[in-house]
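Biologist: Hi! Could you walk me through how the chains in this one fit together?
Modeller: Happy to, let me pull it up.

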Number of protein chains: 2
Amino acid sequence: MLCPSLLLSVAAFAGATAAQGAPTYANLAVPTGTPIPGNYTGALRPQVHYSPPVGFMNDPNGMFYLNGVFHLYYQYNPTGLTAGNQHWGHATSVDGYTWENQAIALFPPAERVYVFSGSAVVDVNNTSGFFPDQDNGIVAIFTLAHYNEDGSDGPQTQAIAYSHDEGYTFRYYDQNPVINSTSSQFRDPKVIRYGDSWAMVVAYSQEFALGIFTSPDLKEWTWASNFTHHGLLGAQYECPNLVKMPVRDQDGVTVDEKYVLTLSVQPGAPLGGSTTQYFMGNFNGTHFSTLDAATRLTDFAKDNYAAQFFYGMEGNAVSLGWASNWQYTQQVPTGNLEGWRSAMTLPRVNYLTKAPRIGWTMVDEIYDPKPILGESLKTETMGNGRVTVDYSEVESNALYIEANVTGINVAKLTSFSTVNLTFKSPASDESLRSGFYFGGDSPFFVDRGLLRGFDNIFFTDKFSVADVYYDSLTPKTASWRMQAVIDRSMYEVFLDGGRHAATVLFYPTHPLTRVDVAAQDLPEGAQVSVAVWSLKSTWAGMANQQGTVLGNVTGTSGHATAAKKRIIYEGGFSA
Amino acid sequence: MLCPSLLLSVAAFAGATAAQGAPTYANLAVPTGTPIPGNYTGALRPQVHYSPPVGFMNDPNGMFYLNGVFHLYYQYNPTGLTAGNQHWGHATSVDGYTWENQAIALFPPAERVYVFSGSAVVDVNNTSGFFPDQDNGIVAIFTLAHYNEDGSDGPQTQAIAYSHDEGYTFRYYDQNPVINSTSSQFRDPKVIRYGDSWAMVVAYSQEFALGIFTSPDLKEWTWASNFTHHGLLGAQYECPNLVKMPVRDQDGVTVDEKYVLTLSVQPGAPLGGSTTQYFMGNFNGTHFSTLDAATRLTDFAKDNYAAQFFYGMEGNAVSLGWASNWQYTQQVPTGNLEGWRSAMTLPRVNYLTKAPRIGWTMVDEIYDPKPILGESLKTETMGNGRVTVDYSEVESNALYIEANVTGINVAKLTSFSTVNLTFKSPASDESLRSGFYFGGDSPFFVDRGLLRGFDNIFFTDKFSVADVYYDSLTPKTASWRMQAVIDRSMYEVFLDGGRHAATVLFYPTHPLTRVDVAAQDLPEGAQVSVAVWSLKSTWAGMANQQGTVLGNVTGTSGHATAAKKRIIYEGGFSA
């Protein structure tokens, strides 16, 4: 990670008058051993997405999956509402939606040193030597960002820490850094297993290059190759991720495996600020080569950055990203109104396929939402017409929606043929619009411009994506489908089974409580089916009797393994 | 070109009730020999940009420069306000800003055949044999798009036509097509001279490939290579352009030459709809190879598409594009209010350079605006503060603005340091906002969301670009500069001498007549200089005594060569 103006932000929370001061050594103010109380009931607080109890969160870090538990770490400033003072927060989940706050996993090791983004692996074979009696040792690999006394950037080096208790507590390796550097722009290592070796991708951010390193033991790293000047450059590269991913045919059968390299750019994305692109290719342990020279984006909106793939998914790829954008993340209204800023996206299941006509595509399926489905609020099939669901009584204020259109006679479509999904606040007359617009090569659009809870010069209103809806097998008829989650201040859409996806933040002044699905000017024979479910509030089950969800404590909801019971803080400060 | 729903559009103007009917043979309604009266006084009508007298315009075509005259052809529907019925309109200019309407240059050659986009060359050596006694013969190379009787797509083939009078009138070659095809997605040939040969790039649109062909005589073409799956794919490739371009160092000295390949995608651009990307590389007459695998965009907003480079600029590259986006071009309010749709961008001078840190960049300088400058309305130098110019008395309602900020002490910048340029309508309280925002890696932003003249689900409000403003030689201080033209419903900005550029359409309900330049929270020592000029109305000088500017007549303003006096219509119909 790199926040756009980290020093300004650090200074801002250290003291409003010292606008250009040096960053404060954070640990003095950080609750190292005491819980952080979180109120997850705010009108903007997502109910099925992860957000930190209080403070500022950015990139997901160190994600791994072990013994049925998803471990999510994240860039965390527990003492401020803007970036700075970076720790690794931690949360766990069994279902990918219901997250339990855990104790902060990595603290800054020294004054003017922050723990930036990185990854984690399960060192099953004890290659590191940290785990003589274990096959479940965890090693985190991350950037330590040093700042000089005058506040200017110092070197960014790669360091490791290890955990004997499946990732709940870590101890810094006593011979860090494992990759030294004099550069202040060298960060975000992601490590994967390749054969009998470890492979790391890490960003030389301002040189628009990724370094690929190898190691037998996670301690000694050897440079192997660079991958440079690919795709959109923006103003710098960040947060590379490399993962092996299944290639599936149109019937969903896995026919091959390829590697996907994701690469975030920030600032300078086409839509402004941050974005994530990906490349498909082959990886031989030391070199990544692309299948073609195309540039593809994970999302068509602007609120998904720095996504990681969970380590240890055994042939599957599951990812999630930071649901925000550096252009406005430090100004969004959740900070002043509710004391927190940023959530993660929903988890996505990723695979590669060759889509009709468009060719190679990474699919972003919504991770199975069944565990969080509440009651069915509506199931209806219609031609042209309208379905309205009042969800003001839904406690979570969150919905899961499926809409499918089948039997579209392509020759009879007009440029007025639309299926609109509009979420409204009858109280304030605000609305979040989205829909499928069959004119103009059938883009799907989202418009958050009719909400009034956030006025920011970079908070773009409208997003769209071209979606080729023709069914290649029966070109005279077409079908189209979407899945969506709306969650108080977040809207995530998955089109055509995940061929396109987007995460969109939105900020109403009053809760949206009504959804209209309206099909207009569809040709005769078209059938629209709409299904709407309420979603459970995943946080309600985490609250204590006072309604508070604690952070910075090792979770007790029982979904994790026995290891987490060992609440022994082993964090060291030997950078 | 391909309009997103060409058949729908053609049908729409052929008769509103026949929404799915076959395209009408356009020539029946087209004024082949009579003038088309144009009213260029409308409140939204640009005064220093080219727009057609009436009807719908899209891609620039056939652009060349000869004997001091810029020739601009364009995709033109003279009988409708949406795409369809494609002709080649024509206009000429000496200064790049003052355009004179000329007679329509290419008519559809047959029923259900339209003249799509293409290019033109000066056949100095009479390689074609069309010009036995001339060194100024013009050959146009373009796509003929055939439609079947049932309205479905027929083949797109490449054809040529030639002109003995420097491009005012054309005759179809009697052995067209010069490249045959059965594909309905093969279009937009751009031809350049390479050594003793001609080279063409042409799009296999839905295969995400460009074909490179060579020819000794513009008639016989041989396939040489393909350039496939580069950059952003969108849903199809269109309008490739290839040009040799000077490489200049930081002092402006030409040190090398490289080729630039531009490539438009539509639909499916990151910002929605249409966009143009470019690749820098080497060209050997048959193959184009890129310098790197990066993807770069010409603009940071969404209203510049299908740009061409003028043929015949002798070592310089001058381009202009279609200032619109297929997502909303057929709905913009100029159609119903004023009877025309679409303008071209301003001309831009292009060269390559290696920008500090960012590296290889194509620069888009504003073409010398001196000829259109009116009076100086304001010249002021200040620190923090505000300059206001009321331009309600400026007849053109168009301005040229320069703003320069020097001596910025980088260490003292805060995230509140801004230089804002805001254009306002005091009558309606609408505003067009833009400015330089030093927080967040210094993006420049434009916000057209506070204007109320156009409500469209794809008309995105906000654009921004990351601009690395640090002066590499003296990293502790920075400077920044912009040039801008505002022209009734068009705003074009050029940042840091053209390192970034954008064309932005906007639609106020009342004319914007006041501009505020406000510098806030700049560190001590920063100096802001602002200069504002009125712009002349280039169309006023073209109007007859009734105030009408005629189209579809060979121009008489005297700027072109003697050749244009030969008003002989030689257009044939032998497809």
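Modeller: One term before we start: a salt bridge here is a side-chain nitrogen of Lys or Arg within 4 Å of a carboxyl oxygen of Asp or Glu. Also keep in mind that this is a predicted model.

Biologist: Okay, so how many salt bridges are there between chain B and chain A?
Modeller: The count is 0 between those two chains.

Biologist: And how many residue pairs are in polar contact across that interface?
Modeller: The rule finds 18 such pairs across the interface of chain B and chain A, with both residues at pLDDT 80 or more.

Biologist: Which elements of chain B give two or more residues to the side that touches chain A?
Modeller: They are strands S14 (230-232), S19 (293-297), S29 (430-437), S30 (443-447) and S31 (462-466) of chain B. The most comes from S19(B), with 5 residues.

Biologist: What does that side look like by class?
Modeller: On the side of chain B that touches chain A there are 24 nonpolar, 18 polar and 10 charged residues.

Biologist: What area is buried between the two chains?
Modeller: About 4200 Å² is buried between chain B and chain A, and carbon and sulfur atoms give 58% of that. B:Arg357, B:Ile457 and B:Lys462 supply 15% of the area that chain B buries against chain A, more than any other three residues.

Biologist: How many residues does each chain bring to the contact?
Modeller: Chain B brings 52 residues and chain A brings 52 residues. The copies meet through the same surface, because 100% of the interface residues of chain B are also interface residues in chain A.

Biologist: What turn lays chain B on chain A?
Modeller: A turn of 180°, with a shift of 0.0 Å along the axis, and the RMSD is 0.0 Å. The two copies are therefore related as by a two-fold rotation axis.

Biologist: Back to strands: do S19 of chain A and S14(B) pair in the parallel or antiparallel sense?
Modeller: Parallel, over 3 bridges. Within that topic, A:Ala294 has B:Gly231 in S14(B) as its bridge partner.

Biologist: Switching to the backbone, which residue has a positive phi although it is not a glycine?
Modeller: A:His229 does, with a phi of about 50°. A:His229 sits in the loop between strands S13 (222-228) and S14 (230-232) of chain A.

Biologist: And where in chain B would I find cis peptide bonds?
Modeller: One joins B:Asn176 and B:Pro177, with omega about 0°. B:Pro177 is in the loop between strands S9 (171-172) and S10 (186-194) of chain B. Another joins B:Gln266 and B:Pro267, with omega about -15°. B:Pro267 belongs to the loop between strands S16 (254-265) and S17 (275-283) of chain B.

Key: Residues numbered from 1 in each chain as written. Chains lettered and ligands numbered in written order. Predicted model: local features only at pLDDT ≥ 70, side-chain atom pairs only at ≥ 80, totals over all residues. Heavy atoms only, no water. Least-squares fit on C-alpha atoms with pLDDT ≥ 70 in both. Contact = heavy atoms within 4.5 Å. Buried area = accessible area lost by both parts, 1.4 Å probe. Polar contact = N/O pair within 3.5 Å; in protein donor to acceptor, adjacent residues only side chain to side chain. Helix = DSSP H or I, 4+ residues; strand = E, 2+ residues; numbered from the N terminus. Nonpolar A, V, L, I, M, F, W, Y, C, P; charged D, E, K, R; others polar. Pairing = 2+ DSSP bridges.
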